[in-house]
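Student: I should like to understand the reasoning behind the terms used for this structure. May we go through them one at a time?

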Amino acid sequence: MGRLSAPATSPGAGAAPAAVPAEPAVPFVEIEAVRAKEFVPAAKEALTALVAEQGQRKLIQPVFNWAGRNSLFPLHWGLACCAIEFAAAFGARWDAERFGVVPRSSPRQCDLLIVNGTVTWKVAHKLVTLYEQMPEPKWVIAMGNCATGGGPFRTAYSVVPGVDKLVPVDVYIAGCPPRPEAMLDGILELEKLIRERKE
Amino acid sequence: MQPADLEQALRPRLGEHLLGVEPFEGTAGKVRFDRSAAVATFRALHDELGFTHLAMIGGIDWVAHREVVYTLWSDAAKQYVFLSTTVPADDAHVESASGVWPSANWHEREAWEMVDITFDHHPDLRHLLMPDGYAFHPLLRSFKLHEPEELEVKVRHV
Amino acid sequence: MSSATLYSVSYDLSHTLLFALGGLIGGPLGRLLENGDLVTGIGVLVFAALLLAASMLNTIVLIWYERKLLGRFMDRRGAMHVGYAGLLQNFADGLKLFRKHTTRPREADEVGFYFGPTAYLVTSLMIFGILPISTGWNSGPMPLSLLLALVIFSFAPLFIFVSAWSSNNKYSLMGGLRSAAQMIAYEVPLLLAVVAVVVVAGSFSLTTIVYEQQNYWFWGPLIVALIVFVAAMLAEMERIPFDLPEAEAELVEGWNTEYGGMLFAFFMLADYLRALVGSILIVLLFLGGWTLPTWLPGSLTAWPLAGIFWFMVKTYLVFGLFVWIRASLPRVRTDQLLRVGWNRMIPLALLSVFLAAALVTVRCVPVFGCVPSPGA
Amino acid sequence: MSEMWINMGPQHPMTHGLWNLRVRIEGELIRDVDPEMGYLHRGIEKISEDRHYNEVITLMDRCCYVAGLAWEHLYIRAAEQALHVDPPERAEYLRVLCDEFQRLGSHLMWYAAFVQDLGLMSPFLYGMRDRDLVLDLFQSYTGARMTYEYMRVGGVRNDLPPGFTASARKVLDWLSDRFREYDQLCLGSTIFRKRCDGLGVLKGPDAVHHGVTGPMLRSAGVKRDLRKDRPYAVYGQLDFDVAFADGADVTARYLVRMEEMRQSVRLLRQVLDWLDRHPGPVIAEHLPRWLGAPYAPIGLEGYLLKRNYPKGVGFSAVEEPHGEALAYVVNEGGEHPYRVKFRSPVFANLSAARTYLVGYHVADIPPIMGSVDVCVGEVDR
């Protein structure tokens with residue numbers, strides 16, 4: 001089988017070009033150097049690297065992150081004032097569907113809980129239930145001042161001062177209520193978070 | 001309709017239970033009655049004077065006593081009228097108006113919940129706005145608003 | 001035109017592959033590979049794989065098409081930011097749903113919860129093996145292909161009901177009940193409308209029905225049957241105005257309320273697969289399939305894959321009609337739907353059968369031309 | 001099938017807000033309903049007792065979030081009566097302008113949500129699109145889309161920007177063309193008529209009995225409109241008709257709201273003409289300083305002023321987009337109101353839910369409740 005120009009007695013040299021600097025005139029050294037004996041450890045090494053990389057979630061994860069951040073289904077749930085701006089963001093002028101954001105009514109099919117309004121103690125456990133009904137991976141956006149920290153009703157006896165006391169919040173949007181642009185910006189911020197997601 | 005007309009119409013039916021009719025800007029007047037004649041007053045206003053629409057029932061806590069204010073509207077006279085009765089704070093109850101105006105149902109539930117005024121013979125007196133078992137009456141003057149930092153949050157998963 | 005069809009391509013592919021492999025190996029094992037039956041078998045498998053890929057791709061493009069078209073009807077743009085004009089949007093959705101955890105409610109019935117959506121998707125996919133998309137698409141003659149397609153098409157309410165019942169949710173259950181009632185009510189006019197077509201074409205084979213439309217398409221003389229068929233098809237596909245089983249306003253998400261992740265994706269895919277099948281059936285039965293009217297220049301069909309191309313154009317136009325209906329009609333109520341189904345649709349369908357019989361007797365219609373004699 | 005209770009809410013596409021409709025159904029038939037409120041109870045009446053008179057306006061915007069300006073108007077009228085302040089005439093016209101634009105905005109929002117409940121998606125987009133035009137107008141003179149804080153005790157915060165009336169007229173022209181399209185899309189559709197005719201019937205006497213007001217009452221043939229019957233602000237000087245129908249069903253409510261929007265356009269044209277011709281101050285000139293801004297003079301001067309200020313009780317009634325809203329403000333001295341009590345029209349309309357829901361189908365709940373036009377913020381306060 002052809003000419004073997006590289007010395008066969010260089011087992012340690014995994015990379016072939018380093019082993020054959022003496023005869024640069026032969027053009028097909030590199031191909032011929034890949035013999036079975038050396039191919040197996042090289043392939044093993046490459047595969048190990050690949051597995052390690054996958055172990056660090058560098059191969060498949062970006063693809064899923066791309067998918068996840070481009071198709072965020074928020075829960076169709078209006079709490080208070082911000083819900084109207086939330087609805088306006090799906091109107092003709094802002095059209096959040098451009099970003100693949102489609103509200104779904106069932107929490108099972110959602111991956112984004114937008115808390116758009118004041119959360120009262122009476123609804124608190126229902127909010128937690130809804131959050132827990134959503135399958136992983138899921139995110140929460142606290143939209144507006146009420147959801148962030150109680151807003152103008154902070155001192156009221158019936159209001160939860162910030163929804164982060166109930167569920168983990170990923171993005172806070174300021175405003176009372178935030179404009180639809182601000183809501184879209186919050187969603188884009190969340191997309192940035194998902195882009196760097198590791199698990 | 002003027003306060004004097006109201007007094008003239010109500011005095012024969014209520015006698016000394018009618019405590020007076022005060023003028024109130026923008027309405028026909030404020031009828032003050034004794035709570036023992038509550039249903040008679042409601043009937044008189046609803047059946048005879050044509051105040052068929054009960055708009056609102058509100059309770060006011062004056063610390064020593066509590067006041068229940070009924071706002072009525074007459075489609076014929078195109079006027080509002082206030083009914084007002086006072087109840088002592090330690091014995092705050094008055095006859096329910098829901099037998100006369102069905103719309104009183106929710107208003108009375110709210111007044112009971114917020115200002116702690118019990119409405120006798122109410123068909124369904126339970127919490128409306130606060131969760132069941134809520135022990136306080138927020139619109140009493142003695143109920144102070146807290147600072148949320150004082151709160152300790154405990155969520156019970158149901 | 002019919003020289004290079006999908007089936008022949010896959011057959012040739014498998015033939016070449018197997019014979020090359022057999023030659024390479026040689027000996028008795030090689031001769032075993034050069035078997036004609038094996039070639040046919042592998043060819044069918046390749047064909048099925050291509051079919052699966054094609055139908056899935058079509059479905060996903062169909063969803064994109066609906067979203068964009070709906071957006072235009074509503075004065076907005078629809079998906080835009082993923083891929084060119086949002087073309088990759090549905091792939092992102094699918095991948096995301098694939099990645100999501102599939103949860104089963106504790107009280108749900110384990111077998112039915114997973115079996116329902118799977119069977120629903122599988123049966124919806126099976127229909128594609130029967131539908132002739134262009135000449136030579138199928139492996140061989142299927143004399144009863146129309147009947148078979150409709151039979152498989154009507155499996156759906158069973159599986160929907162199974163999955164609705166087993167998810168142990170009141171909304172799901174009501175959605176499932178509505179779905180069963182609605183689909184059974186509209187099976188009858190659907191089949192009667194098909195009977196009208198069969199009477200005129202004289203065959204249950206979809207390929208034959210298309211060939212019978214060489215002179216004129218059936219939508220003209222069989223307009224009543226077409227109307228009944230489209231309405232019944234809308235109900236079968238559960239699209240507005242007949243989308244009661246998943247009526248969002250009252251039943252949250254209808255029978256798929258408890259489904260998330262990939263199982264929900266199964267439902268979505270199967271729904272659109274059925275929509276695709278519905279549009280394809282309308283094209284096959286009433287709009288001349290892959291043929292074009294004879295008065296159009298022949299050059300339009302004189303290139304390879306022209307049949308498939310024109311077929312898909314027609315299918316998408318028909319589906320566009322469904323989207324248009326969705327953008328402009330509200331939803332009807334259950335009792336009204338059933339009343340319309342039993343009281344209006346069935347008499348209309350019977351009328352269409354009668355008209356078809358009359359057409360076959362008269363043979364010639366002034367504008368449309370003559371019916372070919374049956375079996376000719 | 002035996003009877004069962006289902007919960008529609010608090011997270012349900014039908015509710016358009018945070019409440020729970022408990023329904024007892026037999027098959028698809030409604031046997032009993034029990035609305036469960038309070039999920040959005042934010043204690044506005046209690047917080048108001050801790051706020052300066054002008055600070056309560058902030059809460060009013062959030063109280064009814066689709067009709068913020070109408071609620072500001074309601075509260076301001078009561079507060080002015082309690083504090084013995086009279087606004088200038090131009091401010092009254094500006095308030096009517098706010099009210100009527102708010103009615104347009106609220107009814108467009110209602111249209112968007114209501115027809116969507118029937119399964120038709122397009123009107124949601126159309127309604128939101130046209131509502132945004134109204135919100136743009138609000139934004140041009142109040143600076144906000146939804147929470148305006150525009151009115152003040154004694155007038156309004158600022159005058160209109162230059163060129164406002166011209167752009168407002170343009171919007172009105174656009175809207176009056178759109179109403180025809182809306183009608184074509186809904187009334188022209190047989191399915192729409194089949195879904196809505198004879199549904200959720202609430203006859204006039206029952207409606208009065210149960211305290212139902214607003215478009216729901218006027219659709220039952222009772223011609224009660226506070227703007228006509230008890231003219232407040234400058235409604236007495238304006239020319240308009242009361243929209244009413246006598247079908248008492250969902251279609252009638254649709255017709256009434258559509259007609260109200262047309263009447264609002266008519267009113268707005270008159271108001272805009274008046275505003276063009278009569279410039280002037282928009283806030284009362286001789287207001288006590290402590291009334292102007294919260295916490296302004298804390299010294300002896302402010303203390304004396306506050307102490308000597310006469311007490312009073314204020315009451316106002318406003319026909320807001322949902323119906324008859326009342327406010328009762330008690331001024332016992334000091335810069336906070338002693339007690340504030342509001343009457344929300346939707347509160348009463350919802351309390352009568354049993355009368356117009358029982359006997360219909362589950363599928364009828366969304367259109368019926370849509371025609372009630374629920375705004376939970378003002379019900380729960």
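The following exchange takes up chain contacts, a helix pair and strand pairing in this predicted model.

Student: How do you know which pair of chains has the most contacts?

Tutor: Five pairs of chains touch, and among these the most contacts are between chains A and D.

Student: What makes chain B and chain C a pair without contact?

Tutor: A contact requires C-beta atoms within 7 Å. No contact joins chain B and chain C, and their closest C-alpha atoms lie 15 Å apart.

Student: What is found where chain A meets chain C, and which classes of residue does chain A bring?

Tutor: Here 21 residues of chain A are in contact with 28 residues of chain C. On the side of chain A there are seven nonpolar, seven polar and seven charged residues.

Student: Why is helix α3 of chain C called oblique to helix α13 of chain C?

Tutor: The axes of α3(C), residues 36-73, and α13(C), residues 306-328, come within 10 Å and cross at roughly 45°. Angles under 35 degrees count as roughly parallel, and 65 to 115 as roughly perpendicular. The crossing angle of roughly 45° belongs to neither range, and therefore α3(C) is oblique to α13(C). The crossing is right-handed.

Student: Which residues make up this contact, and how do they divide by class?

Tutor: From α3(C), L62(C), Y65(C), E66(C), L69(C), L70(C) and F73(C) take part; they meet Y316(C), F319(C), G320(C), V323(C), R326(C) and A327(C) of α13(C). The residues of this contact comprise nine nonpolar, one polar and two charged.

Student: What makes β1 and β3 of chain D edge strands?

Tutor: The open sheet of chain D has three strands in the order β1-β2-β3, with antiparallel pairing. Both β1 (3-8) and β3 (29-36) pair on one side only, and they are the edge strands. From one strand to the next, the twist averages 20°.

Student: How do you know that β1(D) and β2(D) are paired?

Tutor: Pairing requires at least two bridges. Six bridges link β1(D) with β2(D), residues 20-26, in the antiparallel sense; in one of them, E3(D) has E26(D) as its partner.

Student: In which senses does β5 of chain B pair with β2(B) and with β4(B)?

Tutor: Strand β2(B), residues 30-33, runs parallel to β5(B), residues 79-88, and three bridges join them. R32(B) has S84(B) as its bridge partner. By contrast, β4(B), residues 65-74, pairs with β5(B) in the antiparallel sense over 10 bridges, and T71(B) stands opposite F82(B). The hairpin of β4(B) and β5(B) has four residues between the strands, and K78(B) takes a positive phi near 50° there.

Notes
Residues numbered from 1 in each chain as written. Chains lettered and ligands numbered in written order. Predicted model: local features only at pLDDT ≥ 70, side-chain atom pairs only at ≥ 80, totals over all residues. Contact = placed C-beta atoms within 7 Å. Nonpolar A, V, L, I, M, F, W, Y, C, P; charged D, E, K, R; others polar. Axes fitted to C-alpha atoms, helices over the stretch in contact; angles between N-to-C directions. Helix = DSSP H or I, 4+ residues; strand = E, 2+ residues; numbered from the N terminus. Parallel < 35°, antiparallel > 145°, perpendicular 65-115°, else oblique. Left-handed = near helix turned anticlockwise from the far one by under 90°.
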